[in-house]
Structure formats: C-alpha cells, structure tokens
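Okay, thanks for squeezing me in, everyone. I'll put the structure up and then just walk through it strand by strand and helix by helix.

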Amino acid sequence: MSIEKLDHVNLRTTQLGAMIDWYGAALGLQPGRRPDFPFPGAWLYAGNTVVLHLIGIDGPPGAGSERGLKLEHFAFSARDIASVQARLQTMGEPYQRVELLTLDLAQLNLWDPDGNHLHLDFPSDEPSKYQE
C-alpha cells in the first residue's frame with residue numbers, strides 16, 4: 001500500500017450555513033450528495049470529487065478545537081491563481097500569497113469563518129530559478 005493523495009477533510013462547525021456559503025463563494029465548492037446521517041452536515045465537492053465534509057454541532061462559533069484537535073492547516077491543489085485572487089478580493093477576504101520558488105508553487109493562505117487555516121497550491125507563474 002502507498003498513500004497517493006488526501007481524499008477529504010472533515011470539519012466540525014457551529015456555523016454550518018456560513019461555512020457552506022464561504023467555501024462556495026471563496027473556493028467554488030458546491031454542496032452535493034451525502035449519506036443520510038442522523039446529524040446535520042454537508043459534503044462539498046470540487047467538480048465531481050467530494051473534498052470537504054462539514055458536520056454541524058451546537059455551541060459558540062469556532063467551538064470544537066478545545067477538544068485537543070491540533071490541525072494546523074489543510075491544502076488543496078488548484079489552478080488559475082489570478083481568478084481565485086480576484087474572487088477573494090471581491091469578497092474582501094484576507095489572504096497571504098507566498099512564493100515557494102524551490103517547489104515551483106505559489107500558495108494562497110486563508111482562513112474560513114471558524115478560523116481554520118487552509119492553503120491553495122498553484123503551479124508557479126514562471127519556472128523556478130532554483131531548478132536542479
């Protein structure tokens with residue numbers, strides 16, 4: 001067996017509607033088919049692939065991390081950094097762009113309504129100066 005890629009991320013949230021809306025507006029993820037679980041939630045898709053499971057819980061906004069969860073971030077590979085940056089700017093959504101020249105990546109770091117850190121990895125706009 002060998003691990004090839006991340007399948008999906010599962011987040012608990014007290015702001016289910018806001019999280020669905022934010023991931024739709026910021027990343028273009030769309031709610032889709034989900035098993036009939038006995039608890040609230042949503043599965044968000046990138047095209048035909050489910051990439052994010054949301055589970056609705058009760059409590060104050062951002063609740064959940066106090067249970068010892070130590071997730072620092074999760075990441076998606078993406079394309080068309082210019083349109084994503086334009087979308088985030090239109091939303092007034094803060095983000096940080098980082099150029100990872102040795103990896104030939106440009107990265108956008110952002111935070112969802114619950115404060116979860118995620119980044120989007122894009123192929124660099126130009127070849128790295130550090131190619132081997």
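So, start with strand β1: V9, L11 and T13 sit on its covered face, while N10 and R12 are on the uncovered one. This is a predicted model, by the way, so keep that in mind throughout. Who does β1 pair with? Strand β4, residues 49-56, and the two run in the parallel sense over five bridges. If you want to pick out individual pairs, L11 has L54 of β4 as its bridge partner, and R12 has I55 of β4. So that's one residue from the covered face, L11, and one from the uncovered face, R12.

Now zoom out a bit to the sheet these belong to. It's open, it has four strands, and reading across you get β1-β4-β3-β2, with mixed pairing. At the edges you find β1, residues 9-13, and β2, residues 30-32, and each of those pairs on one side only. From one strand to the next, the twist averages 35°.

Right, the other sheet. Let me come in through β5, residues 74-77. Here F74 and F76 make up the covered face, and A75 and S77 the uncovered one. β5 runs parallel to β8, and four bridges join them. F74 has L118 as its bridge partner in β8.

What order do the strands take in this one? It's β5-β8-β7-β6, again an open sheet of four strands with mixed pairing. The edge positions go to β5 and β6; each has a single partner strand, so each has one side with no neighbour in the sheet. The twist here averages 25° from one strand to the next. Helix α1 packs on this sheet: α1 touches β5, β7 and β8, and its direction makes about 20° with that of β8. Then there's α2, which lies across β6, β7 and β8 and runs at about 20° to β7.

Let's stay with α2, residues 81-91, for a minute. Which of its residues are buried? I81, V84, Q85 and L88. They span an arc of only 100° around the axis, so they end up on the same side of α2. Turn to the face pointing away from that buried side and you meet the exposed residues A82 and T90. As for what the buried ones pack against, that's α1 (16-27), plus three strands: β6 (96-100), β7 (105-111) and β8 (117-123). And if you follow the chain just past the end of α2, G92 takes a positive phi of about 75°.

One residue in there I'd like to point at is Q85. Is Q85 buried or exposed? Its relative accessibility is 14%, and the cut-off for buried is under 20%, so Q85 counts as buried. What does its side chain make a polar contact with? The side chain of Y95, at 3.0 Å. If you set aside the neighbours within four places in sequence, the residues Q85 is in contact with are Y95, R97 and L108.

Next, how do the two helices meet? The axes of α1 and α2 come within 8 Å and cross at roughly 130°. That crossing angle makes α1 oblique to α2. On the α1 side the contact is made by W22, G24, A25, A26 and L27, and on the α2 side by R87, L88 and M91. Notice that L88 shows up again here, having already appeared among the buried residues of α2.

Last thing, the whole chain. In total there are two helices and eight strands. Going along from the N terminus, the elements read β-α-β-β-β-β-α-β-β-β. Of the 132 residues in the chain, 36% are buried. And for those of you who like contact statistics: take the contacts between residues at least 6 apart in sequence, and 53% of them join residues at least 24 apart.

That's my tour. If you open the model yourselves, maybe go to Q85 and look at its contact with Y95, then swing round to where α1 crosses α2. Happy to take questions.

Notes. Residues numbered from 1 in each chain as written. Predicted model: local features only at pLDDT ≥ 70, side-chain atom pairs only at ≥ 80, totals over all residues. Heavy atoms only, no water. Pairing = 2+ DSSP bridges. Axes fitted to C-alpha atoms, helices over the stretch in contact; angles between N-to-C directions. Buried < 20%, exposed > 50% of the residue type's maximum accessible area, 1.4 Å probe, protein only. Polar contact = N/O pair within 3.5 Å; in protein donor to acceptor, adjacent residues only side chain to side chain. Contact = heavy atoms within 4.5 Å. Arc of directions from axis to C-beta. Parallel < 35°, antiparallel > 145°, perpendicular 65-115°, else oblique.
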